[in-house]
Amino acid sequence: MVKQEVELRRREVTVDDALPATLPPLLKRLYLQRGVCDAAELERGAKNLLPYQSLSGIENAVELLHQALLDGRRIMVVGDFDADGATSTALTVMALRSMGGGNVQYLVPNRFEDGYGLSPEVVEQARARGAAMILTVDNGISSHAGVDFAHQHGIPVLITDHHLPGETLPAAEAIVNPNLPDCNFPSRALAGVGVAFYLMLALRAHLRTQGWFGTTRTEPNLAEMLDLVALGTVADVVPLDVNNRILVWQGLSRIRAGKCRPGIRALLEIANRDARQLAASDLGFALGPRLNAAGRLDDMSVGVALLMTDDLSQARMLASELDALNQTRKEIEQGMQSEALALCQALEREQSDLPLGLAFYHPEWHQGVVGILASRLKERFHRPVIAFAPAGDGTLKGSGRSIAGLHLRDALERLDTLNPGLMMKFGGHAMAAGLSLETARYEEFRQRFADLVGEWLDGESLQGIIWSDGALQPQEFSLQTAEMLREAGPWGQAFPEPAFDGKFKLLQQRLVGERHLKVMVEPLDGGPLIDGIAFNVDTTLWPDSSIRQVELAYKLDINEYRGNRSVQLIIDHIWPLN
């Protein structure tokens, strides 16, 4: 079975050093390596958030909402079935209700019955529930047919989204999206929940000028919803630019202080995470997948209900339901991975080298899990991967993940130009995309996709790269350093968590939990004995008692066990040296 080669590279400083001299040298190095050249980029106070006024269309959107509130019209918030969509929906519904919206409801499309976005079928459901206005969150920018259908029935539509628009925009009454060509908002990296939050800020400011709040109506504190903004932003893996880092930090700070929604508290409990020590990565790897499991396997309305409830007991019950769904998702995914690897082996028997672009399909795969499968296979083979599952009507739904160097949506657009009608529809971003096609055309798609990616990429692009911030000094293997790094974030997409490399004596090694390698190491040049763990190692290679020295790529972490805290290495890759 082909496995990608992994190369270690060190980040270099790419900007001039204009950071405060008072910063610890290690932190200064890390920030400079991430392109931070101004102390203002490190500010995390809410007062440093970009103002909403430069979001195009926001004044029109606010006027529409104000009039709907005045008229008492039923506003139907239509979300998406992922964590960003769930947090966007919960935030928008609660914010509108807190500002006097007595007739605000929500509707989350079912992945399996309704498909993505504001489709005519979803509009019909909203109409049946008495919607007099539709407000989309985290979707809608490509929903031309849905908007037109809503207009046929006299329902105005306000779209808030962050996905890339196509050549034409839906004929909605208002659109708020930082990625519109004419939008001057300085950050195009807002998640759907970030756009929703900004719209609610703008609406509150407008209502304030209208004398809306007073003795009979209290002005809400929207900062109380920043925990939802942080969760949706991190879970959607949008770039953590300066503005997003402020949003995430403010939300993290509220969660750490115990001021979060009961639903987030319940998710933390079931994921066995200490709120006081929470990091952004916990939102992405512990809370996000449990929330996403509802939309992947069942109905995201469960996730929205969890985020909106004020009852901790109910939150715990719903969190348990999501946790069970996530366990089921893991089991389904493991089975699909095994089948995909068998398909890879069959492919390798047919030809000596795997194609540079891989597509997989199995008639029994689950369409809610193909995105995760594509991501896992991309990580394993370091190639663009699209995985398909049957949609039940003679068509396939596919989800793709790409690597640096290949813009997946652009590749699909080129494929569509060269082969009109091959795909029924497609959309997405540089690193992720979705599409659908007729089952009968899968083999043709697989070959065309492989050919196109083979033209766009070369073998060097398939080199797996682990980026390091360099070596740590012996005295830096300390709790103080680990705590400093944790507090220096939030780290995430496009602002990666600090990672280091070094050579060590391998003193102890054993498997725990079947596939995780627990080690004790000592820096070759001297230093403390340190515990480390490498997750999901190849058990045909590890443990190996003949290996006494290793080179590690790792992150510095804090292990907390029965009240004791110690430094621990989270090992990303391990290379034998002897």
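## A walk through the model

Start with the whole chain in view: for 578 residues, a compact globule would have a radius of gyration near 25 Å, and the protein agrees, because its own value is 25 Å. What you have open is a predicted model. Along its principal axes, the C-alpha trace spans about 75 × 60 × 50 Å. Colour by secondary structure and you have 16 helices and 17 strands to explore.

**Stop one: the open sheet.** Select β2 to β6. These 5 strands form an open sheet with parallel pairing, in the order β3-β2-β4-β5-β6. Which strands stand at the edges? They are β3 (104–107) and β6 (174–176); each has a single partner strand, so one side of each is left without a neighbour in the sheet. On average, neighbouring strands here are turned by 20° against each other, direction ignored.

Now zoom in on β4 (residues 133–136) and β5 (residues 157–160), a parallel pair joined over 3 bridges. Show Thr-136 and you will find Ile-159 of β5 opposite.

Next, add helix α3, residues 83–98. This helix lies across β2 (75–78), β3 and β4, and runs at about 170° to β3.

**Stop two: a helix pair.** Move on to α14 (residues 408–418) and α15 (residues 442–456), which pack with their axes 11 Å apart at an angle of about 120°. The two helices are therefore oblique to each other, and α14 passes α15 in a right-handed crossing. Turn on side chains to see who meets whom: α14 brings Leu-408, Asp-410, Ala-411, Leu-412, Arg-414, Leu-415 and Leu-418, while α15 brings Phe-445, Arg-448, Phe-449, Leu-452 and Trp-456. The residues of this contact divide into 9 nonpolar, no polar and 3 charged.

**Stop three: backbone details in the loops.** Keep one thing in mind here: most residues other than glycine have a negative phi, and most peptide bonds are trans.

Select His-382, in the loop between α13 (370–381) and β8 (385–390). His-382 is not a glycine, yet has a positive phi of about 50°.

Then go to the loop between α16 (479–487) and β13 (500–512), where Pro-490 has its place. The peptide bond from Gly-489 to Pro-490 is cis, with omega near 10°. Ala-494 lies in the loop between α16 and β13 too, and its phi is positive, near 70°.

Finish at Pro-543, in the loop between β15 (530–534) and β16 (549–561). Is the peptide bond from Trp-542 to Pro-543 cis or trans? That bond is cis, with omega near -5°.

Conventions:
Residues numbered from 1 in each chain as written. Predicted model: local features only at pLDDT ≥ 70, side-chain atom pairs only at ≥ 80, totals over all residues. Heavy atoms only, no water. Pairing = 2+ DSSP bridges. Helix = DSSP H or I, 4+ residues; strand = E, 2+ residues; numbered from the N terminus. Axes fitted to C-alpha atoms, helices over the stretch in contact; angles between N-to-C directions. Contact = heavy atoms within 4.5 Å. Parallel < 35°, antiparallel > 145°, perpendicular 65-115°, else oblique. Left-handed = near helix turned anticlockwise from the far one by under 90°. Nonpolar A, V, L, I, M, F, W, Y, C, P; charged D, E, K, R; others polar. Rg over C-alpha atoms; globule rule 2.2 N^0.38 Å.
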